[in-house]
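Biologist: Please take me closely through the charged side chains in this model, and then set them against the rest of the fold. I would like to know how each one sits and what it pairs with.

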Amino acid sequence: MDRSLILAALLCASGCAQNIHHRLPESDQPTGSILIRFTEPARNAVITVNGVLVADDAYTERVEVTRVPAGDATVSVLAGGGGQTSVEDTKTVAVHAERQTTVSFRAPEMTGGTAAITAVLVGLLLATGLAMPLIVLATF
(Lines give C-alpha, C1' and ligand atoms only; values in the text may rest on other atoms or scores of the structure.)
Protein backbone atom coordinates (compact mmCIF):
# COMPACT_ATOMS: atom_id res chain seq x y z
CA MET A 1 0.00 0.00 0.00
CA ASP A 2 1.22 3.48 -0.82
CA ARG A 3 2.89 5.21 2.17
CA SER A 4 1.20 8.54 1.42
CA LEU A 5 -2.21 6.86 1.60
CA ILE A 6 -1.34 5.34 4.99
CA LEU A 7 -0.07 8.70 6.26
CA ALA A 8 -3.22 10.48 5.08
CA ALA A 9 -5.41 7.89 6.79
CA LEU A 10 -3.47 8.22 10.05
CA LEU A 11 -3.66 12.02 9.96
CA CYS A 12 -7.38 11.89 9.35
CA ALA A 13 -7.96 9.37 12.13
CA SER A 14 -5.98 11.42 14.62
CA GLY A 15 -7.73 14.67 13.68
CA CYS A 16 -11.34 13.53 13.27
CA ALA A 17 -13.98 14.23 15.86
CA GLN A 18 -14.61 11.29 18.19
CA ASN A 19 -17.95 10.11 19.58
CA ILE A 20 -17.86 9.91 23.37
CA HIS A 21 -19.75 7.41 25.50
CA HIS A 22 -19.84 8.02 29.25
CA ARG A 23 -21.59 5.87 31.83
CA LEU A 24 -22.51 7.47 35.14
CA PRO A 25 -22.29 5.32 38.29
CA GLU A 26 -25.18 2.95 38.94
CA SER A 27 -28.20 4.42 40.67
CA ASP A 28 -31.03 2.95 42.75
CA GLN A 29 -33.54 5.15 40.94
CA PRO A 30 -34.77 4.77 37.35
CA THR A 31 -32.34 6.05 34.72
CA GLY A 32 -32.32 7.17 31.12
CA SER A 33 -29.70 8.58 28.80
CA ILE A 34 -28.79 11.92 27.27
CA LEU A 35 -27.42 12.39 23.76
CA ILE A 36 -25.54 15.70 23.49
CA ARG A 37 -25.12 16.88 19.89
CA PHE A 38 -23.20 19.81 18.45
CA THR A 39 -24.27 21.27 15.10
CA GLU A 40 -20.68 20.61 13.91
CA PRO A 41 -17.60 19.11 15.60
CA ALA A 42 -16.41 21.20 18.54
CA ARG A 43 -12.83 21.43 19.79
CA ASN A 44 -11.74 21.60 23.43
CA ALA A 45 -15.22 20.60 24.64
CA VAL A 46 -15.77 20.35 28.39
CA ILE A 47 -19.18 18.87 29.22
CA THR A 48 -20.84 18.15 32.54
CA VAL A 49 -24.14 16.45 33.39
CA ASN A 50 -25.48 17.30 36.83
CA GLY A 51 -22.00 18.52 37.74
CA VAL A 52 -20.27 15.28 36.69
CA LEU A 53 -17.53 15.70 34.08
CA VAL A 54 -18.36 13.54 31.04
CA ALA A 55 -15.97 15.06 28.46
CA ASP A 56 -12.76 17.00 29.02
CA ASP A 57 -10.83 18.80 26.27
CA ALA A 58 -12.57 16.64 23.65
CA TYR A 59 -12.91 17.08 19.90
CA THR A 60 -16.41 15.76 19.36
CA GLU A 61 -19.79 16.22 17.74
CA ARG A 62 -21.68 13.62 19.80
CA VAL A 63 -21.61 12.62 23.48
CA GLU A 64 -23.86 9.89 24.87
CA VAL A 65 -24.29 9.71 28.64
CA THR A 66 -26.06 6.69 30.15
CA ARG A 67 -27.37 5.93 33.64
CA VAL A 68 -28.61 9.50 34.11
CA PRO A 69 -31.17 9.60 36.94
CA ALA A 70 -34.71 10.26 35.67
CA GLY A 71 -35.95 13.80 36.24
CA ASP A 72 -34.43 17.15 35.39
CA ALA A 73 -30.75 17.10 34.43
CA THR A 74 -28.43 20.06 33.91
CA VAL A 75 -26.11 19.86 30.91
CA SER A 76 -23.29 22.42 30.73
CA VAL A 77 -20.99 22.89 27.74
CA LEU A 78 -17.87 24.97 27.22
CA ALA A 79 -16.15 24.55 23.85
CA GLY A 80 -14.01 26.35 21.32
CA GLY A 81 -10.50 27.61 20.82
CA GLY A 82 -8.01 26.19 18.37
CA GLY A 83 -9.32 28.42 15.59
CA GLN A 84 -12.93 28.43 16.82
CA THR A 85 -14.94 30.98 18.77
CA SER A 86 -15.97 30.04 22.31
CA VAL A 87 -19.39 28.66 23.22
CA GLU A 88 -20.63 28.43 26.80
CA ASP A 89 -24.17 27.20 27.46
CA THR A 90 -26.23 25.39 30.09
CA LYS A 91 -29.55 23.64 29.48
CA THR A 92 -31.94 21.75 31.73
CA VAL A 93 -33.48 18.67 30.11
CA ALA A 94 -36.10 16.18 31.24
CA VAL A 95 -34.70 12.65 31.44
CA HIS A 96 -37.22 9.81 31.26
CA ALA A 97 -36.59 6.29 32.54
CA GLU A 98 -35.30 3.88 29.88
CA ARG A 99 -35.45 6.58 27.17
CA GLN A 100 -32.91 8.76 25.45
CA THR A 101 -33.22 12.54 25.57
CA THR A 102 -31.38 14.55 22.92
CA VAL A 103 -30.08 18.06 23.57
CA SER A 104 -28.41 20.16 20.87
CA PHE A 105 -25.80 22.87 21.26
CA ARG A 106 -24.54 25.37 18.70
CA ALA A 107 -21.01 24.50 17.67
CA PRO A 108 -18.23 27.05 17.92
CA GLU A 109 -17.62 28.82 14.61
CA MET A 110 -14.30 29.10 12.81
CA THR A 111 -12.58 32.40 13.40
CA GLY A 112 -11.98 34.66 10.41
CA GLY A 113 -8.27 33.80 10.13
CA THR A 114 -8.87 30.05 10.24
CA ALA A 115 -11.66 30.27 7.67
CA ALA A 116 -9.48 32.33 5.32
CA ILE A 117 -6.52 29.95 5.61
CA THR A 118 -8.77 26.95 4.99
CA ALA A 119 -10.33 28.62 1.93
CA VAL A 120 -6.89 29.41 0.46
CA LEU A 121 -5.62 25.87 1.06
CA VAL A 122 -8.72 24.29 -0.48
CA GLY A 123 -8.38 26.61 -3.48
CA LEU A 124 -4.73 25.65 -3.94
CA LEU A 125 -5.49 21.95 -3.67
CA LEU A 126 -8.33 22.13 -6.15
CA ALA A 127 -6.25 24.21 -8.54
CA THR A 128 -3.43 21.68 -8.49
CA GLY A 129 -5.75 18.68 -8.70
CA LEU A 130 -4.54 17.07 -5.48
CA ALA A 131 -7.61 15.28 -4.14
CA MET A 132 -5.97 13.09 -1.45
CA PRO A 133 -4.82 15.97 0.80
CA LEU A 134 -8.47 17.05 1.08
CA ILE A 135 -8.88 14.24 3.61
CA VAL A 136 -6.14 15.82 5.71
CA LEU A 137 -7.71 19.26 5.27
CA ALA A 138 -10.99 17.95 6.68
CA THR A 139 -9.30 17.78 10.09
CA PHE A 140 -9.16 21.61 10.37
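Modeller: Glu 109 is a convenient place to start, because with a relative accessibility of 49% it counts as partly exposed. Please keep in mind throughout that this is a predicted model. The partner of Glu 109 is Arg 106, and the two form a salt bridge in which the closest N and O atoms are 4.0 Å apart. Arg 106 is likewise partly exposed, its relative accessible area being 47%. As a general point, side chains of opposite charge can pair when their charged atoms come close.

The count of salt bridges comes to 2, and the other one joins Arg 67 to Glu 26, with 3.7 Å between the closest N and O atoms. This pair ties together distant parts of the chain, since Arg 67 belongs to strand 3 whereas Glu 26 sits in the loop between strand 1 (20-23) and strand 2, 41 residues apart. The two ends of the bridge also differ in cover: Arg 67 is partly exposed at a relative accessible area of 26%, while Glu 26, at 68%, is exposed. Arg 67 deserves a second look for its backbone, where phi is near 65°, a positive value in a residue that is not glycine. Glu 98 is also a non-glycine residue with a positive phi, of about 60°; Glu 98, however, is placed in the loop between strand 5 and strand 6, and with a relative accessible area of 78% it is exposed.

Glu 64, which is found in strand 3, has a different setting to describe, for it is buried and yet has no salt bridge. The nearest side chain of opposite charge is that of Arg 62, 4.0 Å away. What the side chain of Glu 64 does have is a polar contact of 3.3 Å with the side chain of His 21. Apart from neighbours within four places in sequence, the residues in contact with Glu 64 include Ile 20, His 22, Ser 33, Leu 35 and Gln 100, and also Ile 34.

Ile 34 leads from the charged residues to the nonpolar core. The largest such core holds 24 residues, and those touching the most other members are Ile 34, Ile 36, Phe 38, Ile 47 and Val 75. At least two residues of this core come from each of strand 2 (31-49), strand 3 (52-69), strand 4 (71-79), strand 5 (87-95) and strand 6 (100-105), and strand 2 gives the largest share, with 7 residues. Val 75 has charged residues among its contacts as well, if residues up to four places away in sequence are set aside: Asp 89 and Lys 91 are on its list, together with Ile 34, Ile 36, Ile 47, Val 93, Val 103 and Phe 105, among others.

For the wider frame, the protein chain has 3 helices and 6 strands, which follow one another from the N terminus in the order α-β-β-β-β-β-β-α-α. Of its 140 residues, 31% count as buried, and the chain exposes about 8300 Å², of which carbon and sulfur atoms supply 56%. Among contacts between residues at least 6 apart in sequence, 65% join residues at least 24 apart.

Definitions and conventions
Residues are numbered from 1 along each chain as its sequence is written. This is a predicted model: local features need pLDDT of at least 70, side-chain atom pairs count only at pLDDT 80 or more; totals for chains, interfaces and linings use all residues. Side-chain values use heavy atoms; hydrogens and water are left out. A nonpolar core is a set of buried Ala, Val, Leu, Ile, Met, Phe, Trp, Tyr and Cys residues joined through side-chain atoms within 4.5 Å. Buried means under 20% relative accessible area, exposed over 50%, partly exposed in between (1.4 Å probe, protein chains only). Helices (H or I, at least four residues) and strands (E, at least two) are DSSP runs, numbered from the N terminus. Contact means heavy atoms within 4.5 Å. Accessible areas come from the Shrake-Rupley method with a 1.4 Å probe; for residues, only the protein chains shown count as cover. Lys and Arg count as positive and Asp and Glu as negative; His and the chain ends are not counted. A polar contact is a pair of N or O atoms within 3.5 Å; within protein, one must be able to donate a hydrogen and the other to accept it, and residues adjacent in sequence count only if both atoms are side-chain atoms.
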